[in-house]
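Subject: Handover of a structure for your review

Dear colleague,

Please find below the structure that I am handing over to you. My findings follow it, arranged by topic so that you may read them beside the coordinates.

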Amino acid sequence: MNDFLKLEGVSMHFPIRKFGKRTRYVHAMDDVSFSLKKGEILSLVGESGSGKTTTARVIAKVYTPTSGNVFVNGNLVSKKMHTSKLKEYRQRVQMIFQDPFSSLNPTKRVRSILSRPFVLYKSMSNSKEIRQAERDVLEVVGLTPTDFYLDKFPHELSGGQRQRVGIARAISVEPDLILADEPTSMLDVSIRLSIMNTLLKLKEERNISYLYITHDLAGARYVSDRIIVMYAGMIMEIGPAEELIQHPLHPYTQLLKRAAPSPETGFNKKKLGYVGEVPSLISPPKACRFSPRCPFAMEKCSKEIPPLYEIGDRKVRCFLYEKSNQENVRFDES
Ligand code: SF4
């Protein structure tokens, strides 16, 4: 499989202005590099403020990164784009949002919400053709009888049904990549699994790639091929999903695993013990960003940012995995 999406050293710093002058910067993303293959589901996992959503928005071209490059299908997409190219890009890269209610226009019926992408991106003008395309796409996401749902307003649907409309809208333009930003976090537990199964079915049937953003390690394990753990704007660990969960390398990933995510709330902070808060990202010091919370912190951890060390098909940002330390490393088997 070739890389479909590739991020190379991407950083996103938001300026803080005082009296009109840029004084300091919020480092929402620092030196983020990863790739995603066609038909792969890659989860970005982390607490609020870890940089997951900023990463998705940089890929969606909501933000232009401060530095680094984003490539899609080998083309550099992180620089300014001509309007026609941007339209084509937005067709290929779709987003599914956390809150299915606020992402759907409450004044429009489902048929009107779904017709827009067919008109805008697929240049359809024949109303019969559009209606049939809408029925087809609702059928794919399991909203049948389709004519019943086409006539509904978003407020007449349940949360799960609204999210299915959101997915239908995203797949209507036949995207290559879907950025799914916490797509199940506002849904009841019983609905989450069926939405995740719909995403998996679409991956199999349409070879769609997903960047699946979540704070729920268990959900990430269920849907993903690989997982990236982010903390305070940086990648802490990357690896195949099952392996990463079974044997987390980074102390932060180990902490997340011990937190025994509850299906309702994601992380169980009470179980984290040495939980603390994600550090301030305003001009952060040159140090391991996890060092204030890390039980294994050494002197150098507060003086240098650890690189991502490669260990087989995994990567981990922690000095414990420096060559000289590797024989002392305690692998978490819990
Ligand atoms: Fe802990 Fe140091 Fe590793 Fe950071 S680099 S996770 S502080 S041991």
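A residue counts as exposed when its relative accessible area is over 50%, as buried when that area is under 20%, and as partly exposed in between. By that rule S123 is exposed, because its relative accessible area is 59%. Please bear in mind throughout that the model is predicted.

Overall fold

The protein contains eleven helices and twelve strands. Its radius of gyration is 21 Å, close to the 20 Å that the globule rule gives for 334 residues, so the protein is as compact as a globular protein of that length. Measured out along the principal axes, the C-alpha trace spans about 70 × 45 × 45 Å. Of the 334 residues, 49% are buried. If one takes the contacts between residues at least 6 apart in sequence, 65% of them join residues at least 24 apart. That span of about 70 × 45 × 45 Å is a computed value, and my wording "measured out" above should be read as "computed".

The ligand site

Which residues come nearest to the ligand? Of the 13 residues around the ligand, those are C288, C294, C301, C318 and F319. The shell consists of eleven nonpolar residues and two polar ones, with no charged residue in it. The ligand takes up the space of the largest cavity.

Two of these nearest residues, C288 and F319, also appear among the contacts of I305. Leaving out residues up to four places away in sequence, I305 touches M234, K286, A287, C288, R317 and F319. I305 belongs to the loop between α11 (269-272) and β11 (309-311). With a relative accessible area of 30%, I305 falls between the two limits and is therefore partly exposed. From I305 to F290 the C-alpha distance is 10.0 Å, and the two residues are 15 apart in sequence.

Helix α1 and the residue that follows

Helix α1 (52-59) is largely enclosed by the rest of the structure, because six of its eight residues are buried. The buried residues of α1 are K52, T54, T55, A56, V58 and I59. Just after α1 comes K61, which has a positive phi of about 65°; K61 is a residue other than glycine. The loop that holds K61 runs between α1 and β4 (67-72). Is K61 buried or exposed? The relative accessible area of K61 is 16%, which is under 20%, so K61 is buried.

Helix α10 (residues 251-258) is likewise mostly covered, with six of its eight residues buried. In α10 these are P251, Y252, T253, Q254, L255 and L256.

Around helix α4

S123, the exposed residue mentioned at the start, has a phi near 50°, again a positive value in a residue other than glycine. S123 lies in the loop between α3 (110-122) and α4.

Within helix α4 itself is E139. E139 has 52% relative accessibility, which is over 50%, and therefore counts as exposed. Apart from neighbours within four places in sequence, E139 is in contact with T144 and T146. The C-alpha atoms of E139 and A168 are 8.9 Å apart, although 29 residues separate the two along the chain.

T144 has a further feature: the peptide bond from T144 to P145 is cis, with omega near 0°. P145 is located in the loop between α4 (127-140) and α5 (146-150).

Strand β2 and its surroundings

R24 is part of strand β2 (residues 21-37). The relative accessible area of R24 is 46%, so R24 is partly exposed. Its contacts, apart from neighbours within four places in sequence, are F14, P15, I16, I282 and S283. For one of these, F14, the C-alpha separation from R24 is 8.5 Å, at a distance of ten residues along the chain.

Points to look at in the model

When you open the model, you may wish to begin with these places:

- the ligand in the largest cavity;
- the cis peptide bond from T144 to P145;
- the positive phi of K61, near 65°;
- the positive phi of S123, near 50°.

Yours sincerely,
A colleague

Conventions. Residues numbered from 1 in each chain as written. Predicted model: local features only at pLDDT ≥ 70, side-chain atom pairs only at ≥ 80, totals over all residues. Heavy atoms only, no water. Near = heavy atom within 4 Å. 1 Å grid on protein atoms, 1.4 Å probe; cavity = no way out; pocket = protein on both sides within 12 Å on 5 of 7 lines; lining within 4 Å. Sits in = over half its atoms within 2 Å of the grid points. Nonpolar A, V, L, I, M, F, W, Y, C, P; charged D, E, K, R; others polar. Helix = DSSP H or I, 4+ residues; strand = E, 2+ residues; numbered from the N terminus. Buried < 20%, exposed > 50% of the residue type's maximum accessible area, 1.4 Å probe, protein only. Rg over C-alpha atoms; globule rule 2.2 N^0.38 Å. Contact = heavy atoms within 4.5 Å.
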